[in-house]
Amino acid sequence: FAPQILQGKHVIVTAGGTRERLDPVRFLTNDSSGKMGYAVAAAAQAAGADVTLISAPTRLTPPEEVTVVSIQSTTDLADAVLARFPQADALVMAAAVADFQPLTVADQKIKKTADNDELILKLKKTPDILAEVAKIKKSQQVTVGFAAETQNLLANARQKLQRKSLDLLAANDVSQAGIGFNSDDNQVTFIQADGTSDQTPKTSKRVIATALIKRLATILETK
Ligand code: C5P
């Protein structure tokens, strides 16, 4: 970025897929690679922001000079975000957060037994981090979410934006091949709080991250 549009701003970015532990050797997770979130962290840093990247385990190397906080579960992520959000100017939730977590975590490895042909896992809903953030959000703070949809992209995304009091939502259609999870490319529809939307072409996550950061900076300016 020629002008440092986020100079002096503190931006928190979350990335990767959370891991919900079942026992000491097993967990539930999802297909998130963390690429989108890492690209957003790099773009925010390039725009002059002081960046905290809260990351679930990924294979990626974080951008230099970014403060990295490593987490595993949704509960860890919620704690890390809620502790830091009050000091931040903006939060970009690019992490693919589990919707459910095991009701209990076994202390020992779950065993198969001769009479045990089925195993029923009981799961409970995870806390909705953005909904919790919405409760403590100040008017000058900006929150950005991601939405992975497979149908009714715009309608679902607009609802999500309102429900989570977001300023910006990047929605992508994960049913399309070659974009989204694990891919280097993505295509998103940006939806703003006023309901307006625009779609990016299919392009690299780096280009999409830059477009997102530009919008975030504009929203911060007008607050
Ligand atoms: O409702 P849905 O999971 O589709 O919303 C996606 C957005 O909400 C993402 O930005 C994700 O990081 C965030 N999220 C969250 N807490 C959850 C689930 C998702 O903050 N428990």
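Helices (H or I, at least four residues) and strands (E, at least two) are DSSP runs, numbered from the N terminus. In this predicted model, helix 3 (129–136), strand 9 (142–149) and helix 4 (153–163) each supply at least two residues of the shell around the ligand.

The model is predicted: local features need pLDDT of at least 70, side-chain atom pairs count only at pLDDT 80 or more, and totals for chains, interfaces and linings use all residues. Residues are numbered from 1 along each chain as its sequence is written, and side-chain values use heavy atoms, with hydrogens and water left out.

The ligand has 13 residues around it (a heavy atom within 4 Å), and M93, A95, P127, F146 and K160 come nearest. This shell divides into seven nonpolar residues (Ala, Val, Leu, Ile, Met, Phe, Trp, Tyr, Cys and Pro), four charged (Asp, Glu, Lys and Arg) and two polar (the others, Gly among them).

Polar contacts of the ligand (pairs of N or O atoms within 3.5 Å) include these:

| Residue atom | Ligand atom | Distance |
|---|---|---|
| A95, backbone N or O | oxygen | 2.8 Å |
| P127, polar backbone atom | nitrogen | 2.8 Å |
| K164, side-chain N or O | oxygen | 3.0 Å |

On its own the ligand has 450 Å² of accessible area (Shrake-Rupley method, 1.4 Å probe), and the protein covers 86% of it.

Note on methods:
A polar contact is a pair of N or O atoms within 3.5 Å; within protein, one must be able to donate a hydrogen and the other to accept it, and residues adjacent in sequence count only if both atoms are side-chain atoms.
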